[in-house]
Amino acid sequence: IGVGPTYYTVGGLILGVAALNMHILSETLRTPQVSVPKPKLKDAFSTSVASWKRIVRQYTDLNQILLVNTAYWTALSGIQMTALPMFMVGSNLSLGPSEIGFCFASMAVTSVAMSQPLAYIADRYSKKYLMLVGCGLISSSSMLLPFASSVDSLMISLLPLALGSTIMQNVPTAYVVNICHEDDKVQATNLLRTLGDVGLIVGGTTSGVLAAVLP
């Protein structure tokens, strides 16, 4: 049906799910509420930053996890979201839309199939060591990708990336939740995800600039 109609279809489906959730989920149902003054955005941000500073000082292990998580999202944005589609279309591969979709779908299937086994390994052994394994898998995939000359070799190169992403998208959050007290879990998770968003911005921008400048 083409690229444009595909985007329209996916966007319509997401909008339909959002509208359906508004009428089904109790959390999104409109209920009479007592009017209370809403905090200003500046005040809410200042409160969050103050909480983040206290949490970073209180939990020493958290700094390492924040650094690894930010590095992961930077790498993911640069490798998978920016450079990988350009590599699939160009170089010696020249893949079409269906082949590109198949590659990304295969990575998603790998993530779904391996999420439970990897979660068991993380709980049974060590979340920190498993995160190191995930970083190693992503790094190995990044080094293998330039040598891919066919769809088969490309899929082999993407397998470590899919496994590493499955680890790094779940284990850091679980680790942060485990080491933080109940009152700090929300802000610690918020800080983890905020730095991940910063990594997305930096990784996509940097890889895009490098791809445009370097031959």
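Gly78 is placed in helix α3. In this predicted model, Gly78 is buried, at 8% relative accessibility. Its contacts, leaving aside residues up to four places away in sequence, are Ala83, Gly203, Gly204 and Ser207. The pairing with Gly204 spans 126 residues of sequence. In space, the C-alpha atoms of Gly78 and Gly204 are 4.8 Å apart.

The overall fold was examined next. The protein has eight helices and zero strands. Its pattern along the sequence is accordingly written α-α-α-α-α-α-α-α. Along the principal axes, the C-alpha atoms fill a box of roughly 60 × 45 × 40 Å. The chain counts 215 residues, and 30% of them are buried. Contacts between residues at least 6 apart in sequence were also sorted by separation. Of these, 74% join residues at least 24 apart. The contact between Gly78 and Gly204 belongs in this group, because contact means heavy atoms within 4.5 Å and the two residues touch across 126 positions.

The accessible surface comes to about 13900 Å². Carbon and sulfur atoms hold 68% of that area. One nonpolar patch on the surface is made by Val209, Leu210, Val213 and Leu214. The patch covers about 380 Å². Val209 lies in helix α8, which runs over residues 185-213. Its relative accessibility is 45%, so Val209 counts as partly exposed.

Charged residues were considered as a set and then as pairs. The protein carries 12 positive and 10 negative charges. The mean positions of the two groups are 10 Å apart. Side chains of opposite charge can pair when their charged atoms come close. A search of the whole structure finds three salt bridges.

One of the salt bridges joins Arg54 and Asp184, with an N to O distance of 2.8 Å. This pair links distant parts of the chain, 130 residues apart. Arg54 sits in helix α2, residues 41-58. Asp184 sits in the loop between α7 and α8. The two partners differ in exposure. Asp184 has a relative accessible area of 6% and is therefore buried. Arg54, at 34%, is partly exposed.

Another salt bridge is formed by Lys127 and Asp123. Their closest N and O atoms are 3.1 Å apart. Here the positive partner is the buried one: Lys127 has 13% relative accessibility. Asp123 is exposed, at 57%.

A further bridge brings together the side chains of Glu182 and Lys185, at 3.3 Å from N to O. Glu182 is exposed, with 60% relative accessibility. Lys185 is partly exposed, with a relative accessible area of 24%.

Two loop residues were then inspected. Ser94 lies in the loop between α3 (60-89) and α4 (97-124). Its phi is positive, about 50°, although Ser94 is not a glycine. The residue is exposed, because its relative accessible area of 52% is over the 50% limit.

Gln169 occupies the loop between α6 (151-168) and α7 (171-179). It is partly exposed, at 38% relative accessible area. Beyond residues up to four places away in sequence, Gln169 touches Tyr72, Trp73 and Leu76. Gly134 is 35 residues from Gln169 in sequence. The C-alpha atoms of Gln169 and Gly134 are 9.8 Å apart.

Thr166 is found in helix α6. This residue is buried, because its relative accessible area of 3% is under the 20% limit. Its contacts, again without residues up to four places away in sequence, are Ser111, Met114, Ser115 and Leu118.

Notes:
Residues numbered from 1 in each chain as written. Predicted model: local features only at pLDDT ≥ 70, side-chain atom pairs only at ≥ 80, totals over all residues. Heavy atoms only, no water. Helix = DSSP H or I, 4+ residues; strand = E, 2+ residues; numbered from the N terminus. Buried < 20%, exposed > 50% of the residue type's maximum accessible area, 1.4 Å probe, protein only. Patch = residues over 30% accessible without salt bridge, like charges linked within 9 Å, V, L, I, M, F, W, Y side chains within 5 Å. Areas by Shrake-Rupley, 256 points an atom, 1.4 Å probe, with all protein chains shown as cover. Salt bridge = Lys/Arg side-chain N within 4 Å of Asp/Glu carboxyl O. Lys, Arg positive; Asp, Glu negative; His and termini not counted. Charge placed at Lys NZ, Arg CZ, Asp CG, Glu CD.
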